[in-house]
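Okay, thanks everyone for squeezing me in. Let me put the structure up and talk you through a few spots.

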Amino acid sequence: MSRDLQLKERWELLVEKLAAQFSDGDPLELDSIIYLVGIQELGQYHKKYKKDEKLNLMHIAICRLLEPYGYYEFEFFDEEGWPHYTVKEQLPALKAGEQSVLMKEAIVGYFVEKEYID
């Protein structure tokens, strides 16, 4: 199976599974899944987040998702339990479609690592 086809199939499975668990079956957008990864990484599940905190959660997620690619490195947890990352390498200039593929690949890898999907 080609890498692109495998990514497509895993992505569809992941979206379906997350949608069933978090949105009554309505498909989740990429940003929503990134937000869920941020909450997972922070580990503070039963809290209402303000708009700026939601952006910070997405930032945490992006750092964590792109860490295996060498773009970020975990540095420390602050006194409130929020993880902090250091930029290791600047992201290359990517077109929107390329960014989307990179993030989907990173998200699928994350959920495979967490054994949420195969």
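So, serine 23: its side chain reaches the backbone oxygen of aspartate 26, at 2.4 Å. Keep in mind that this is a predicted model. Serine 23 sits in the loop between α1 and α2. Is serine 23 buried or exposed? It's buried, because its relative accessible area is 16% and the cut-off for buried is under 20%. If you leave out residues up to four places away in sequence, serine 23 touches Leu18 and Leu28.

Now go along to aspartate 24, which is in that loop between α1, residues 3-22, and α2, residues 30-42. Aspartate 24 is exposed, with a relative accessible area of 78%. And look at the backbone: phi of aspartate 24 is near 50 degrees, so we have a positive value in a residue other than glycine. Why flag that? Most residues other than glycine have a negative phi.

Glutamate 115 is another one to put on that list. It isn't a glycine, yet its phi is positive, about 60 degrees. You'll find glutamate 115 in the segment after α4, which covers 96-113. Glutamate 115 counts as exposed, since its relative accessibility is 71% and exposed means over 50%.

Right, on to α2. What span should its 13 residues have, at 1.5 Å a residue? The answer is 18 Å, and the end C-alpha atoms are 19 Å apart, which agrees. Just after α2 comes glycine 43, with a positive phi of about 80 degrees.

Which residues of α2 are buried? They are Ile33, Ile34, Leu36, Val37, Gly38, Ile39, Glu41 and Leu42. Note the glutamate in there, Glu41. As for partners, the buried residues of α2 pack against α1, α3 (51-66), β2 (83-87) and α4.

Let me pick out α3 from those. α2 and α3 pack at an angle of about 85 degrees, and their axes are 7 Å apart. That makes α2 roughly perpendicular to α3, because 65 to 115 degrees is the range for that label. On the α2 side, the contact is made by Asp31, Ile34, Tyr35, Val37, Gly38, Ile39, Glu41 and Leu42. On the α3 side, the residues include Leu57, Met58, Ile60, Ala61, Ile62 and Leu65, and also Lys54 and Arg64.

Last stop, the strands. β1, residues 72-77, and β2 run antiparallel, joined by 5 bridges. One pair to look at: phenylalanine 77 has proline 83 in β2 as its bridge partner. The hairpin of β1 and β2 has 5 residues between the strands, and glycine 81 in that hairpin takes a positive phi near 90 degrees.

And then threonine 86, in strand β2. Threonine 86 is partly exposed, with a relative accessible area of 30%. What does the side chain of threonine 86 join up with? Glutamate 75: there's a polar contact of 2.4 Å between the two side chains. Threonine 86 and glutamate 75 are 11 residues apart along the chain, while their C-alpha atoms are separated by 6.2 Å. Not counting residues up to four places away in sequence, threonine 86 touches Tyr71, Tyr72, Glu73 and Glu75.

That's my tour. Happy to rotate the model if anyone wants another look.

Terms used. Residues are numbered from 1 along each chain as its sequence is written. This is a predicted model: local features need pLDDT of at least 70, side-chain atom pairs count only at pLDDT 80 or more; totals for chains, interfaces and linings use all residues. Side-chain values use heavy atoms; hydrogens and water are left out. Helices (H or I, at least four residues) and strands (E, at least two) are DSSP runs, numbered from the N terminus. Buried means under 20% relative accessible area, exposed over 50%, partly exposed in between (1.4 Å probe, protein chains only). The expected span of a helix is 1.5 Å times one less than its number of residues. Contact means heavy atoms within 4.5 Å. A polar contact is a pair of N or O atoms within 3.5 Å; within protein, one must be able to donate a hydrogen and the other to accept it, and residues adjacent in sequence count only if both atoms are side-chain atoms. Two strands pair if DSSP finds at least two bridges between them. Axes are lines fitted to C-alpha atoms, for helices over the stretch in contact, and angles run from 0 to 180 degrees between N-to-C directions. Angles under 35 degrees count as roughly parallel, over 145 as roughly antiparallel, 65 to 115 as roughly perpendicular and the rest as oblique.
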